[in-house]
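Me: I would like to learn how to read a model of this kind feature by feature, with the general idea set out before the particular case. Could we work through one together?

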Amino acid sequence: MKAVLAAMDHGIEQRLAITPETAGNVYSGGGISVPPTLADAPATFRSSVLAQEAFGAEVVQHYAHLAQREVGHARRQVTGAERQRWFSRA
């Protein structure tokens, strides 16, 4: 909730224009980009000035570190879907 309120506050303070509704493929529209993978997200969050201002440096560092650990953990896991896909191609 705080992230949404911080984003709204930032938009109001910076007098950002509200863009029209996006339809179709939002990834090819040339709008604001987001990290292409979950693994890239913690670094993007860690370097966000807006996140630093909204939550404080300590909180941002804590959550970015936690997210990076989760990404590392997920990389070491093999899901049921991956097993099924691999065995069906063996």
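Me: Is Ala-7 buried, partly exposed or exposed?

Reply: The model is a predicted one, and the class follows from relative accessible area, where partly exposed covers the range between the buried limit of under 20% and the exposed limit of over 50%. Ala-7 has a relative accessible area of 40%, and therefore counts as partly exposed; its place is in helix H1.

Me: How much confidence does the predictor place in the protein, and in which helices is it lowest and highest?

Reply: As a general caution, where pLDDT is low, the predicted coordinates should not be read in detail. Here the protein averages a pLDDT of 88, and 97% of the residues score at least 70. Confidence is lowest in helix H5 (residues 80-88), with a mean of 89, and highest in helix H4 (residues 57-75), with 94.

Me: What space lies in the largest pocket, and which residues lie nearest its centre?

Reply: A pocket is read through its volume and its lining, and in this model the largest pocket holds about 820 Å³ of space. Its lining is made by 25 residues, of which Ala-7, Ile-32, Ser-33, Val-34 and Leu-50 lie nearest the centre. The elements giving two or more residues to that lining are H1, helix H2 (41-46) and helix H3 (49-55).

Me: Which residues make the nonpolar surface patch?

Reply: The patch is made by Met-1, Val-4, Leu-5 and Met-8, and has an area of about 460 Å². Leu-5 sits in helix H1 (residues 2-13). Residues in a patch need over 30% relative accessible area, and Leu-5, at 48%, counts as partly exposed.

Me: What is the phi of Arg-15, and what should I make of its sign?

Reply: Most residues other than glycine have a negative phi. Arg-15, although it is not glycine, has a positive phi near 55°. This residue is in the loop between H1 and H2, and it counts as exposed because its relative accessible area is 76%.

Me: Where does Pro-20 lie, and is it buried or exposed?

Reply: Pro-20 lies in the loop between H1 and H2, and its relative accessible area of 66% is why it counts as exposed. From C-alpha to C-alpha, Pro-20 and Glu-82 are 39 Å apart in space, with their positions 62 residues apart in sequence.

Me: How far apart in space are the C-alpha atoms of Phe-55 and Ala-17?

Reply: Separation along the chain and separation in space are read as a pair, and for Phe-55 and Ala-17, 38 residues apart along the chain, the C-alpha atoms are separated by 24 Å. Phe-55 is found in helix H3 and, with 27% relative accessibility, counts as partly exposed. For Ala-7 and His-73, 66 residues apart along the chain, the C-alpha separation is 30 Å.

How values were computed:
Residues numbered from 1 in each chain as written. Predicted model: local features only at pLDDT ≥ 70, side-chain atom pairs only at ≥ 80, totals over all residues. Heavy atoms only, no water. Patch = residues over 30% accessible without salt bridge, like charges linked within 9 Å, V, L, I, M, F, W, Y side chains within 5 Å. Areas by Shrake-Rupley, 256 points an atom, 1.4 Å probe, with all protein chains shown as cover. Salt bridge = Lys/Arg side-chain N within 4 Å of Asp/Glu carboxyl O. Helix = DSSP H or I, 4+ residues; strand = E, 2+ residues; numbered from the N terminus. Buried < 20%, exposed > 50% of the residue type's maximum accessible area, 1.4 Å probe, protein only. pLDDT = per-residue confidence, 0-100. 1 Å grid on protein atoms, 1.4 Å probe; cavity = no way out; pocket = protein on both sides within 12 Å on 5 of 7 lines; lining within 4 Å. Points joined across faces, edges and corners; volume = space filled by probe spheres on them.
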